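Visitor: I've got a protein model open and I'd like to understand the words people use for it. Could you show me how each label is earned?
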Amino acid sequence: MSIYTLVLFMHVIGAIGYLLSIGMWLFVLVGLRRAQYVEQVRALIHLNDLSGPFGAVSAVVLLAAGLYLAFTAWSLLTGWIVVGLISLVLLAPLGTALLEPRRRVIDRLARKASDGPLPEELERCIRDPVLLAVPQTLTALLLGVVFLMTTKPSLVGSIIVMAVALVLGLVWGALVSRMTPPRTGQAESIG
C-alpha cells in the first residue's frame, strides 16, 4: 500500500462525507417542510447543527487530499483537475453563503416562537425555494466533480460536465421546490 492509495482513499472519504452532509441538510429540509409544530423545527435545526462540522471537515479532507494528489501524481494544469478544483472551492462557500443566513433565521424564529403550531413567518421562511434548490444543485455539482475524478475528461469536456451538472441541479431544485405538497395542517385548515 502506497501513500498515494491512502490519500486517494481519504479523498474519496472526503467526497462521501461532503455528500452525506448535503444529504443530511436535504433530509432536514424535508422534515422542516412537513413540520407542524415549532418543537419539530427546533429539533430538526439542532440535528442540522450537529452535522455542520462533519460537512466542514469532509470538505477540508476532500480538498487537502485532492491537492496532494494533484501536486504529486498529476498537475494542477490538467483540465479536469482545474475544473474540479475551482468547482469544489466555490461549492462550500457558495452553499454556506446561500443557506446559512436562512438557517439562522429559521433557528431564531423557532427559538423565539412559543411551542405549538408554526407561526406564519416561520412557515414562510421554511418554504423558501432557495433552501431546496441550493443543496440539490450542490449535490448535482459534487456528483459532477466525482464524474470528473473518475473519467478524467479534457478541459472542454470537464467544463461541459459541470455546466450540465449545474443545469440539472437547478432544474431538479426548481422542480422539487414547486412539487412539495402543502403541510397536512394547511390542508386541514383550508377545508
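Guide: Sure, let's start with Leu118, which sits in the loop between α3 and α4. Helices here are DSSP runs of H or I with at least four residues, strands are runs of E with at least two, and both are numbered from the N terminus. One caution: this is a predicted model, where local features need pLDDT of at least 70, side-chain atom pairs count only at pLDDT 80 or more, and totals for chains, interfaces and linings use all residues. Residues are numbered from 1 along each chain as its sequence is written, and side-chain values use heavy atoms, with hydrogens and water left out.

Visitor: Why is Leu118 called buried?

Guide: Buried means under 20% relative accessible area, exposed means over 50%, and partly exposed is in between (1.4 Å probe, protein chains only). Leu118 has a relative accessible area of 12%, so it counts as buried. Leu118 is also 5.3 Å from Tyr37, C-alpha to C-alpha, with their positions 81 residues apart in sequence.

Visitor: What does Val41 touch?

Guide: Contact means heavy atoms within 4.5 Å. Leaving out residues up to four places away in sequence, Val41 touches Leu32, Ala35, Ile106, Ala110, Leu118, Leu122 and Ile126. So there's our Leu118 again, among the contacts of Val41.

Visitor: What makes a group of residues a nonpolar core?

Guide: The members must be buried Ala, Val, Leu, Ile, Met, Phe, Trp, Tyr or Cys residues, joined through side-chain atoms within 4.5 Å. The largest such core has 41 residues, and Leu32, Val41 and Leu122 touch the most other members. At least two residues of this core come from each of α1 (3-34), α2, α3 (79-112), α4 (120-126), α5 and α6 (155-179).

Visitor: How many helices and strands are there altogether?

Guide: Seven helices and zero strands. Reading from the N terminus, the elements go α-α-α-α-α-α-α. The C-alpha atoms fill a box of roughly 60 × 30 × 25 Å along the principal axes, and buried residues make up 39% of the 191 residues.

Visitor: How do you know whether the length of α2 matches what's expected?

Guide: The expected span of a helix is 1.5 Å times one less than its number of residues. Helix α2 (residues 38-73) has 36 residues, and the expected figure is 52 Å. From first C-alpha to last, α2 reaches 51 Å, so that is close to the expected value.

Visitor: Where is the kink in α2?

Guide: At Ser51, shortly before the proline Pro53, and it's about 30 degrees. The bend at a residue is the angle between axes fitted to the seven residues ending there and the seven starting there.

Visitor: Is Thr139 buried or exposed?

Guide: Thr139 lies in helix α5 (residues 130-151). Its relative accessibility is 11%, so Thr139 counts as buried. Outside its neighbours within four places in sequence, Thr139 is in contact with Leu19, Ile22, Leu26 and Trp172.

Visitor: And why is Lys152 called partly exposed?

Guide: Lys152 is in the loop between α5 and α6. With a relative accessible area of 35%, Lys152 falls in the middle class, so the label is partly exposed. Another thing to look for: Lys152 isn't glycine, but its phi has a positive value, near 50 degrees.

Visitor: What makes Arg102 and Asp128 a salt bridge?

Guide: A salt bridge is a side-chain nitrogen of Lys or Arg within 4 Å of a carboxyl oxygen of Asp or Glu. For Arg102 and Asp128 the N to O distance is 2.6 Å, so the pair passes. The two residues are 26 apart and link distant parts of the chain, with Arg102 in helix α3 and Asp128 in the loop between α4 and α5. Arg102 is partly exposed at 27%, whereas Asp128, at 19%, counts as buried.

Visitor: How many salt bridges does that rule give?

Guide: Nine. One of them joins the side chains of Asp107 and Arg111, at 3.0 Å from N to O. Both residues lie in helix α3, four residues apart, about one turn of the helix. Asp107 is buried at 14%, while Arg111 counts as exposed at 59%. Through shared partners, salt bridges join Asp49, Glu100, Arg103, Arg104, Asp107 and Arg111 into one network.
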